[in-house]
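Student: I'm new to this one. Could you walk me through how to read a few of its features?

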Amino acid sequence: MKIIPRPTIPNDSDYLRGQEQAAAYAKVSRRCISAWQSRRIIPFLKIGHKCVLFRKTDIDAALSRFEVPAIG
């Protein structure tokens, strides 16, 4: 049985493929990314039945909304 490697998105791309890459980029769990998707916190592109793309800039914008400013 020959194993065919999945194509990867280049590091210079603004797109991340799937919840696993998005979770690794945001340093959160896949379940967290799934919850953010269902609550519409982060936008995503649904290319096919199972293919979902996330933009790094959208993830950064979503994370900045959770930022708590320092006092002082």
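Tutor: Let's take charged pairs, then aromatic rings, then one residue and its contacts. Keep in mind that this is a predicted model.

Student: How many salt bridges does the structure hold?

Tutor: The general idea comes before the count. Side chains of opposite charge can pair when their charged atoms come close. Here, the structure has one salt bridge. Its partners are Asp58 and Arg55, whose side chains meet at 3.4 Å, N to O.

Student: Is Asp58 buried or exposed?

Tutor: Residues under 20% relative accessible area count as buried. Asp58 has 18% relative accessibility, so it counts as buried. Arg55 has a relative accessible area of 28%, so that residue is partly exposed.

Student: What about rings? How many aromatic pairs does a search of the whole structure find?

Tutor: A pair of aromatic rings is described by the distance of the centres and the angle of the planes. In this structure the search turns up two aromatic pairs. One of them joins Trp36 and Phe66: the pair is stacked, with 5.7 Å centre to centre and 20° between the planes.

Student: Why does the pair of Trp36 and Phe66 tie together separate parts?

Tutor: Look at where the partners sit. Trp36 is in helix 2 and Phe66 is in the segment after helix 3 (56-65), so the pair ties together parts 30 residues apart in sequence. As for exposure, Trp36 is buried, with a relative accessible area of 8%, whereas Phe66 counts as partly exposed at 46% relative accessibility.

Student: And why is the pair of Phe44 and Phe54 called tilted?

Tutor: Planes under 30 degrees apart count as stacked, over 60 as edge-to-face and the rest as tilted. The planes of Phe44 and Phe54 are at 50°, so this pair is tilted; the ring centres are 6.2 Å apart. This pair, too, links distant parts of the chain: Phe44 belongs to the loop between helix 2 and strand 2 (45-46), and Phe54 to strand 3 (residues 52-55), 10 residues apart. Phe54 is buried, at 0% relative accessibility, while Phe44 is partly exposed, with a relative accessible area of 26%.

Student: Last one: which residues is Arg30 in contact with, leaving aside its neighbours within four places in sequence?

Tutor: Start with its place: Arg30 is found in helix 2 (residues 30-38). With those neighbours set aside, Arg30 touches Gln19, Glu20 and Ala23. Take Gln19: it is 11 residues from Arg30 along the chain, yet their C-alpha atoms are separated by 5.7 Å. Arg30 itself counts as partly exposed, at 48% relative accessibility.

Definitions and conventions
Residues numbered from 1 in each chain as written. Predicted model: local features only at pLDDT ≥ 70, side-chain atom pairs only at ≥ 80, totals over all residues. Heavy atoms only, no water. Helix = DSSP H or I, 4+ residues; strand = E, 2+ residues; numbered from the N terminus. Buried < 20%, exposed > 50% of the residue type's maximum accessible area, 1.4 Å probe, protein only. Contact = heavy atoms within 4.5 Å. Salt bridge = Lys/Arg side-chain N within 4 Å of Asp/Glu carboxyl O. Phe/Tyr/Trp six-rings, centres within 6.5 Å; stacked < 30°, edge-to-face > 60°.
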